[in-house]
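Please open the model in your viewer and keep the sequence panel beside it, since the tour moves from the whole chain to single residues.

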Amino acid sequence: DGKVEIVGYTKAQSSITIPSEIDGRDVTRIADGAFENCTALKSLLNWADIEYIGASAFKGCTGLKDISIPSETTFIGESAFENCTHMSTLIIWGDITRIEKNAFKNCSSLDDVSIPSSCEVIEESAFQGCSDMDTLILWGDTNIGNYAFQGCSSLEEVSISSGTEYIGDYAFEGCSSLVDVIMWGRSTKIGKNAFANCPKLKKVPR
């Protein structure tokens, strides 16, 4: 379509820049697996209007610390940032409609997460094992898949919108620091063991 997709990365550099154009063509996509297991990568500066981040695009980039999802991004693929164990900051500027399965699974250093109101669903295991996550902000009527936040052991508080239709099985299982869950809606379906092994949680008001 006359635009550029980044399909691979071969140098062991710690810092890279994705330009807005290559040979006069707009850079808009990062392909499946483009940066997978680039363990030397620590810093990513993005000047491009990236619309699409493919499956496993940054999976296993254990040195990557911060990531900012640009406002043009509408799709984050399955396992896109899985096992980015040193990534501490995640900023999503765009109007994404869903976060795919395993997208940020085992990002164990990730602490603050803010999900935009445009996001309709967080798929299965999307943030599973993010053990340092202590702040989760859901701005919209976001449905939460099975195991989505399982094992987020530092998470203390969650507020669920009135328009959320379901919270999946084991969605917050093992969130051992969880104290408060606020349910604004009365029709939200709560899945099997959604809040199991949350010893500090006394009640779920709704």
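The stops below begin with the overall fold and then turn to one strand, its partner and a few loop positions.

**The whole chain**

Start with everything selected and a cartoon display, bearing in mind that this is a predicted model. With secondary structure coloured, the chain shows 18 strands and zero helices. Aligned on its principal axes, the set of C-alpha atoms fills a box of roughly 60 × 30 × 20 Å. The radius of gyration is 17 Å, which agrees with the value near 17 Å that a compact globule of 206 residues would have.

Switch next to a surface display, where the accessible area comes to about 9,700 Å² and carbon and sulfur atoms account for 44% of that area. Of the 206 residues, 46% count as buried. If you colour the side chains by charge, you will find 17 positive and 29 negative ones, and the centres of these two sets lie 7 Å apart. As for how the chain meets itself, among contacts between residues at least 6 apart in sequence, 27% join residues at least 24 apart.

**Strand 15 and its partner**

Now select residues 157–160, which form strand 15, and show their side chains. Which of these side chains are buried, and which are not? The side chains alternate along the strand, with V158 and I160 pointing to one face and buried, whereas E157 and S159 point to the other face and are not buried.

Add residues 180–183, which make up strand 17, and follow the pairing of this strand with strand 15, which runs in the parallel sense over four bridges. At E157 you can look straight across the pair, for the residue standing opposite in strand 17 is D180.

**V158 and its surroundings**

Centre the view on V158, within strand 15. V158 counts as buried because its relative accessibility is 1%, under the 20% cut-off for that class. Leaving aside residues up to four places away in sequence, the residues that V158 touches are L136, F172, L178, D180, V181 and I182. D180 is thus worth keeping on display, as a contact of V158 and as the residue opposite E157. For a sense of distance, draw a line from V158 to I122: the two are 36 residues apart along the chain, and their C-alpha atoms are separated by 14 Å.

**G140, in a loop**

Move to the loop between strand 13 (135–138) and strand 14 (143–144), where G140 lies. Is G140 buried or exposed? G140 is buried, because its relative accessible area is 8%. Beyond residues up to four places away in sequence, G140 touches S117, S161 and T164. A second distance line, from G140 to H86, joins C-alpha atoms that are 28 Å apart, with the two positions 54 residues apart along the chain counted as their separation.

**Two asparagines with positive phi**

Finish with the backbone angles of N102 and N197. Select N102 in the loop between strand 10 (98–99) and strand 11 (112–115); although N102 is not a glycine, its phi is positive, at about 65 degrees. N102 counts as buried, at 12% relative accessibility.

Then go to N197, in the segment after strand 18 (189–190). Phi of N197 is near 60 degrees, again a positive value in a residue other than glycine. N197, however, counts as exposed, because its relative accessibility is 54%, over the 50% that marks that class.

Methods
Residues are numbered from 1 along each chain as its sequence is written. This is a predicted model: local features need pLDDT of at least 70, side-chain atom pairs count only at pLDDT 80 or more; totals for chains, interfaces and linings use all residues. Side-chain values use heavy atoms; hydrogens and water are left out. The radius of gyration is taken over C-alpha atoms; the globule rule is 2.2 Å times the number of residues to the power 0.38. Buried means under 20% relative accessible area, exposed over 50%, partly exposed in between (1.4 Å probe, protein chains only). Contact means heavy atoms within 4.5 Å. Accessible areas come from the Shrake-Rupley method with a 1.4 Å probe; for residues, only the protein chains shown count as cover. Lys and Arg count as positive and Asp and Glu as negative; His and the chain ends are not counted. The place of a charge is taken as NZ of Lys, CZ of Arg, CG of Asp or CD of Glu. Two strands pair if DSSP finds at least two bridges between them.
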